[in-house]
Amino acid sequence: IATLVPRATITVNTQPASTTAVEGRAAMFSVGAAVTGVVTPSFQWKKNGAAIDGATSATYKTPLTSLADNGAKFTVNITAPGAAVTSAEAILTVIPDTFPPAIVSAGALRNEAGAIQVSAIFDEALNLSTVTAANFSLSSGSVTGAAYVENSSTYKSLERGVTLNTTGLTPGNTYTLTVRNVRDLKGNAISTATAPIPPRPNPAI
């Protein structure tokens, strides 16, 4: 015996909002929708009318933007059995990067050898020549080395980070990381930026 699935209805409660991003940073779009029926709705984001591969949730984080993305139009198609709705357009404005890198987060960990390292995630790519131990300091202990890494964050986006070798840190203590003179690919330099390194229980700081 076949079971009939009632036709769904879709109401967009929150349209995607236009947003501004600095070149080299990602932008975020989201939609809010109410759906009646028993089936979870499907989402498909589009850029300038073309479907974006893999962008199939209620939120979408772009790849790192460039000035060529300025003015791009984003919409999302929401579908359910018997119903389909297209959101209003959201416009992406991309402005030139005249801003220094920002620290997104910092934390401590132990490497395979048992040594304590500090990691710092930045919001954009860094100039490798400025990722040196001399440009990083701790409220206690010492930074003995610095390495640049790329950490995959979400769909088609990368957050750039630095892993610091350290000495003199004690598990369970709180520290502050200070960064100076680190530059992005446009030459914008951090004057002074700080980030807390929260404590973690011994032995995995």
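**Exercise 1. Determine whether R25 is buried or exposed, and identify what its side chain pairs with in salt bridges.**

Solution. R25 has a relative accessible area of 10% and is therefore buried, where buried means under 20% relative accessible area, exposed over 50%, and partly exposed in between (1.4 Å probe, protein chains only). The model is a predicted one, in which local features need pLDDT of at least 70 and side-chain atom pairs count only at pLDDT 80 or more, while totals for chains, interfaces and linings use all residues. Residues are numbered from 1 along each chain as its sequence is written, and side-chain values use heavy atoms, with hydrogens and water left out.

Step 1. A salt bridge requires a side-chain nitrogen of Lys or Arg within 4 Å of a carboxyl oxygen of Asp or Glu. R25 meets this criterion with D123, the closest N and O atoms being 3.2 Å apart. D123 sits in the loop between strand 12 and strand 13, and R25 in the loop between strand 2 (19-22) and strand 3 (28-30), 98 residues apart. Strands here are DSSP runs (E, at least two residues), numbered from the N terminus.

Step 2. R25 also forms a salt bridge with E124 (3.1 Å, N to O). Because E124 lies in the loop between strand 12 and strand 13 and R25 in the loop between strand 2 and strand 3, this pair ties together parts that are 99 residues apart in sequence.

Step 3. The burial of the two acidic partners is then compared. D123 is partly exposed, with a relative accessible area of 23%, whereas E124, at 4%, counts as buried.

**Exercise 2. Locate the partners of the salt bridge between K47 and D69, and state which residues salt bridges with shared partners join into one network.**

Solution. Step 1. The closest N and O atoms of K47 and D69 are 2.7 Å apart. K47 belongs to strand 5 (residues 42-47) and D69 to the loop between strand 7 (59-61) and strand 8 (72-80), so the pair connects parts that are 22 residues apart in sequence.

Step 2. K47 is partly exposed at 30% relative accessibility, and D69 is buried at 15%.

Step 3. Through shared partners, salt bridges join R25, D97, D123 and E124 into one network. The structure holds 5 salt bridges.

**Exercise 3. Identify which strands supply the largest nonpolar core, and which residues L177 touches.**

Solution. Step 1. A nonpolar core is a set of buried Ala, Val, Leu, Ile, Met, Phe, Trp, Tyr and Cys residues joined through side-chain atoms within 4.5 Å. The largest has 23 residues, of which F122, F136, L177, V179 and I197 touch the most other members.

Step 2. At least two residues each come from strand 11 (103-110), strand 12 (116-122), strand 13 (136-138), strand 15 (158-167), strand 16 (175-179) and strand 17 (193-197). Strand 12 gives the most, with 4 residues.

Step 3. Leaving aside residues up to four places away in sequence, L177 touches A106, A120, F136, S137, L138, L164, A193, T194, A195 and I197; contact means heavy atoms within 4.5 Å.

**Exercise 4. State the strand order of the open sheet of 3 strands and name its edge strands.**

Solution. Step 1. The order is 13-16-17, with antiparallel pairing; two strands pair if DSSP finds at least two bridges between them.

Step 2. Strand 13 and strand 17 each pair on one side only and are the edge strands.

Step 3. Strand 16 and strand 17 pair over 5 bridges, and T178 stands opposite T194 in strand 17.
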